[in-house]
Amino acid sequence: RRSWGYLVRAAIAALPLGVLGAAAVLYRGRLVDLISGLPGILGVVTWAVLGVVCAVALCAAAHCTIRAFECGRTQG
């Protein structure tokens, strides 16, 4: 039963990846042009923040998924 809780947490943690992926597919080049068109350092900071958000979401989702499998295994 505990493993289901971790699996739900993994799905919630992966939600930002899904949202960013859907935005990338739906808006294709417009999103890249919008961020790249930002003045000066603001574009670089935006890309960096998006990268960190994606990395954290991926790590959290992977951790919760692995933990769900660990909770679900039987001894022996």
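Start by selecting Cys71, which counts as partly exposed at 24% relative accessibility. Keep in mind as you go that this is a predicted model. Now add Cys64 to the selection: at 12% relative accessibility, this residue counts as buried.

With both cysteines on screen, how many disulfides are there? The count comes to zero. Cys64 takes part in none, and the nearest cysteine sulfur to its own is that of Cys71, 10 Å away. Why is there no bond for Cys71? Its closest cysteine sulfur, in Cys64, is 10 Å off, and that is too far for a bond. For the cut-off, a disulfide needs the two sulfur atoms within 2.5 Å.

Next, select Ser3, in helix H1 (residues 2-13). Is Ser3 buried or exposed? At 18% relative accessibility, Ser3 counts as buried. Show what surrounds it, leaving out neighbours within four places in sequence, and you will find Ser3 in contact with Ala68, Gly72 and the Cys71 you began with.

Stay in the same part of the chain and pick Tyr6 and Arg9. Arg9 lies over the face of the Tyr6 ring, 5.0 Å from the ring centre. If that ring makes you curious about aromatic pairs, you can skip the hunt: a search of the whole structure finds zero of them.

Now colour helix H3, residues 41-72. Its 32 residues reach 47 Å from the first C-alpha to the last, close to the 46 Å expected at 1.5 Å a residue. Which residues of H3 are buried? They are Gly43, Ala57, Ala61, Cys64 and Ala68, so Cys64 from the opening stop and Ala68 from the Ser3 stop both turn up here. Show H1 and H2 alongside, and you can see what the buried residues of H3 pack against: these two helices.

Move on to helix H2, residues 15-36, and select Arg28, which lies in it. Check the backbone here: Arg28 has a positive phi of about 30° although it is not a glycine. Its surroundings are open to view, since Arg28 counts as exposed at 63% relative accessibility.

To finish, colour by pLDDT. The mean for the protein chain is 90, with 99% of residues reaching 70 or more. Among the elements, which has the lowest mean pLDDT and which the highest? H2 is lowest at 88, and H3 is highest at 93.

Technical notes: Residues numbered from 1 in each chain as written. Predicted model: local features only at pLDDT ≥ 70, side-chain atom pairs only at ≥ 80, totals over all residues. Heavy atoms only, no water. pLDDT = per-residue confidence, 0-100. Helix = DSSP H or I, 4+ residues; strand = E, 2+ residues; numbered from the N terminus. Buried < 20%, exposed > 50% of the residue type's maximum accessible area, 1.4 Å probe, protein only. Phe/Tyr/Trp six-rings, centres within 6.5 Å; stacked < 30°, edge-to-face > 60°. Lys NZ or Arg CZ within 6 Å of the ring centre and 35° of its normal. Contact = heavy atoms within 4.5 Å. Expected span 1.5 Å × (residues − 1).
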